[in-house]
Amino acid sequence: MYFPYYGKRVHVNYTQPVVAVQFSNATANVDHHVECRLNAAGLRTDDERDKFAGRVAFRLRINRE
């Protein structure tokens with residue numbers, strides 16, 4: 001219903017989903033590349049013009065001395 005998201009003017013009642021992830025054995029002082037991807041029937045996430053549609057990517061680093 002809210003995919004793709006077009007902003008609060010179009011989707012007035014939209015509430016962002018909450019996702020929690022636990023990294024139990026992440027190596028310290030190393031960059032870990034993480035990508036969360038939406039998978040659902042009828043939703044396209046492979047559009048080359050918008051490669052981040054339906055996904056988010058970020059880098060995790062736990063610094064320890």
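Let me begin with a definition: a residue is called exposed when its relative accessible area is over 50%, buried when it is under 20%, and partly exposed in between. With that cut-off in mind, take tyrosine 6, which is at 58% relative accessibility and therefore counts as exposed. Please keep in view throughout that what we are looking at is a predicted model.

I will start with the chain as a whole. The protein chain contains 0 helices and 2 strands, and its C-alpha atoms fill a box of roughly 45 × 25 × 20 Å when that box is taken along the principal axes. The radius of gyration is 16 Å, whereas a compact globule of 65 residues would come out near 11 Å. Burial can be put beside that value: of the 65 residues in the protein chain, 12% count as buried. As for the surface, the protein chain exposes about 6,200 Å², and carbon and sulfur atoms supply 50% of that area.

Turning to contacts, if we take those in the protein chain with a separation of 6 or more, residues that are 24 or more positions apart account for 48% of them. On the charges, there are 10 positive and 7 negative side chains in the protein chain, and the centres of these two sets lie 5 Å apart.

Next, the part of the chain that precedes the strands. Tyrosine 6, with which I opened, is found in the segment before β1, and so is alanine 20, as is asparagine 25, with β1 itself running over residues 32-37. Where does asparagine 25 stand on the scale of exposure, buried or exposed? Asparagine 25 has a relative accessibility of 72%, so it counts as exposed, and alanine 20, with a relative accessible area of 76%, is exposed by the cut-off of over 50% as well.

The C-alpha separations give a sense of how this segment is laid out. From tyrosine 6 to asparagine 25, which are 19 residues apart along the chain, the C-alpha atoms are separated by 37 Å. From valine 10 to asparagine 25, a step of 15 residues along the chain, the C-alpha separation is 41 Å. Alanine 20 and arginine 55, on the other hand, are 35 residues apart in sequence and 15 Å apart in space, again C-alpha to C-alpha.

One backbone detail in the segment before β1 concerns asparagine 29, which lies there and has a phi near 60 degrees, a positive value in a residue other than glycine. Asparagine 29 is at 36% relative accessibility and so counts as partly exposed.

That brings me to the salt bridges, of which a search of the whole structure finds 4. Which residue does aspartate 31 pair with? Aspartate 31 forms a salt bridge with arginine 59, and the closest N and O atoms of that pair are 3.8 Å apart. Because aspartate 31 lies in the segment before β1 while arginine 59 belongs to strand β2, residues 55-60, the pair ties together parts that are 28 residues apart in sequence. In accessibility, aspartate 31 counts as partly exposed at 30%, and arginine 59 counts as exposed at 57%. I would add that Asp31, Arg59 and Arg61 are linked in a network of salt bridges.

Glutamate 35 is the other residue to follow here. Its side chain meets that of arginine 37 in a salt bridge, at 2.5 Å from N to O, and glutamate 35 also forms a salt bridge with arginine 55, where the closest N and O atoms are 3.9 Å apart. The pair of arginine 55 and glutamate 35 links distant parts of the chain, since arginine 55 is in strand β2 and glutamate 35 in strand β1, 20 residues apart. For anyone weighing the 3.9 Å value, the cut-off for a salt bridge is that the nitrogen lies within 4 Å of the carboxyl oxygen.

How exposed are these three side chains' residues, then? Glutamate 35 has a relative accessible area of 41% and is partly exposed, arginine 37 is partly exposed at 44%, and arginine 55, at 21% relative accessibility, counts as partly exposed too, because buried would require a value under 20%.

To close, the two contacts I would look at on the screen are aspartate 31 with arginine 59 and arginine 55 with glutamate 35, each of them a salt bridge in a predicted model.

Definitions and conventions:
Residues numbered from 1 in each chain as written. Predicted model: local features only at pLDDT ≥ 70, side-chain atom pairs only at ≥ 80, totals over all residues. Heavy atoms only, no water. Helix = DSSP H or I, 4+ residues; strand = E, 2+ residues; numbered from the N terminus. Rg over C-alpha atoms; globule rule 2.2 N^0.38 Å. Buried < 20%, exposed > 50% of the residue type's maximum accessible area, 1.4 Å probe, protein only. Contact = heavy atoms within 4.5 Å. Areas by Shrake-Rupley, 256 points an atom, 1.4 Å probe, with all protein chains shown as cover. Lys, Arg positive; Asp, Glu negative; His and termini not counted. Charge placed at Lys NZ, Arg CZ, Asp CG, Glu CD.
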